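Trainee: Please pick one exposed or half-hidden spot in this model and look at it closely. Then work outwards from there, so that I can see how the surroundings fit together.

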Amino acid sequence: MHLRLAAGVELIDEWAESATQAERNVLYEALFAIGDGSVFLIYDVFGDPDDISNFMVMVKADLLVKINVQRAESSFDVLYVGALDDGATANAAEIAAELAADADADEA
């Protein structure tokens, strides 16, 4: 499934103002992966229990992008870009804890 970015460019632009070039590059790579459907193969992606069309993509350890997929329109909206500790979602802390637990399990 190929998706096009329909909304959220202003959020991306606002976030990019204070981001480094390297951070912008990894976010843009993730957005392309969302668009071409490979995001589930490359990144850790978590569903939102409150809305099945929302997903949180862990772009890197300290960068999250939350999207809303509109399958009928073959598009997605960016709902949030930033760090986990910026209050992205109610369960962001739980996601961070799961990632840490998974990393610990992999090391063991």
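Mentor: Leaving aside residues up to four places away in sequence, D62 touches G82 and A83, where contact means heavy atoms within 4.5 Å. This is a predicted model, so local features need pLDDT of at least 70 and side-chain atom pairs count only at pLDDT 80 or more, while totals for chains, interfaces and linings use all residues. Residues are numbered from 1 along each chain as its sequence is written, and side-chain values use heavy atoms, with hydrogens and water left out.

D62 is placed in the loop between β3 and β4; helices (H or I, at least four residues) and strands (E, at least two) are DSSP runs, numbered from the N terminus. The relative accessible area of D62 is 45%, which makes D62 partly exposed. On this scale buried is under 20%, exposed is over 50% and partly exposed lies in between, with a 1.4 Å probe and protein chains only. From D62 to L84 there are 22 residues along the chain, yet their C-alpha atoms are separated by 6.5 Å.

The two strands that flank this loop lead into the interior. The largest nonpolar core has 22 residues, and L27 and V65 have the most contacts inside it. Such a core is a set of buried Ala, Val, Leu, Ile, Met, Phe, Trp, Tyr and Cys residues joined through side-chain atoms within 4.5 Å. At least two core residues come from each of α1 (9-16), α2 (21-36), β3 (51-60), β4 (63-70) and β5 (75-82). The largest share is that of α2, with five residues. L84, already met as a partner of D62 in the C-alpha distance, is included in a second, separate core of six residues, along with F46, M58 and Y80. Not counting residues up to four places away in sequence, V65 touches L27, I34, F55, M56, V57, V59, V78, Y80 and V81. Y80 is thus named both as a contact of V65 and in the second core.

M56 leads on to another aspartate. D48, in strand β2 (residues 44-48), touches N54, M56 and K66 when residues up to four places away in sequence are not counted. D48 is buried, with a relative accessible area of 9%, whereas D62 is partly exposed. D48 and I67 lie 19 residues apart in sequence and 9.8 Å apart in space, C-alpha to C-alpha.

L27 leads to the helices. The axes of α1 and α2 come within 11 Å and cross at roughly 160°; axes are lines fitted to C-alpha atoms, for helices over the stretch in contact, and angles run from 0 to 180 degrees between N-to-C directions. The two helices α1 and α2 are therefore roughly antiparallel, a label for angles over 145 degrees, against under 35 for roughly parallel, 65 to 115 for roughly perpendicular and oblique for the rest. From α1 the contact takes I12, W15 and A16, and from α2 E23, R24, L27, Y28 and L31.

The next loop, between β4 and β5, holds S74. S74 has a phi near 50°, a positive value in a residue other than glycine. Most residues other than glycine have a negative phi. With a relative accessible area of 32%, S74 is partly exposed. One contact of S74 reaches back towards the chain start: H2 touches G35, D36 and S74, its neighbours within four places in sequence left aside. H2 sits in the segment before β1 (4-7) and counts as exposed at 61% relative accessibility. The C-alpha atoms of H2 and F32 are 9.9 Å apart, with their positions 30 residues apart along the chain.

For the chain as a whole, there are four helices and five strands, in the order β-α-α-α-β-β-β-β-α from the N terminus on. Of the 108 residues, 43% are buried. Among contacts with a separation of 6 or more, 41% join residues 24 or more positions apart.
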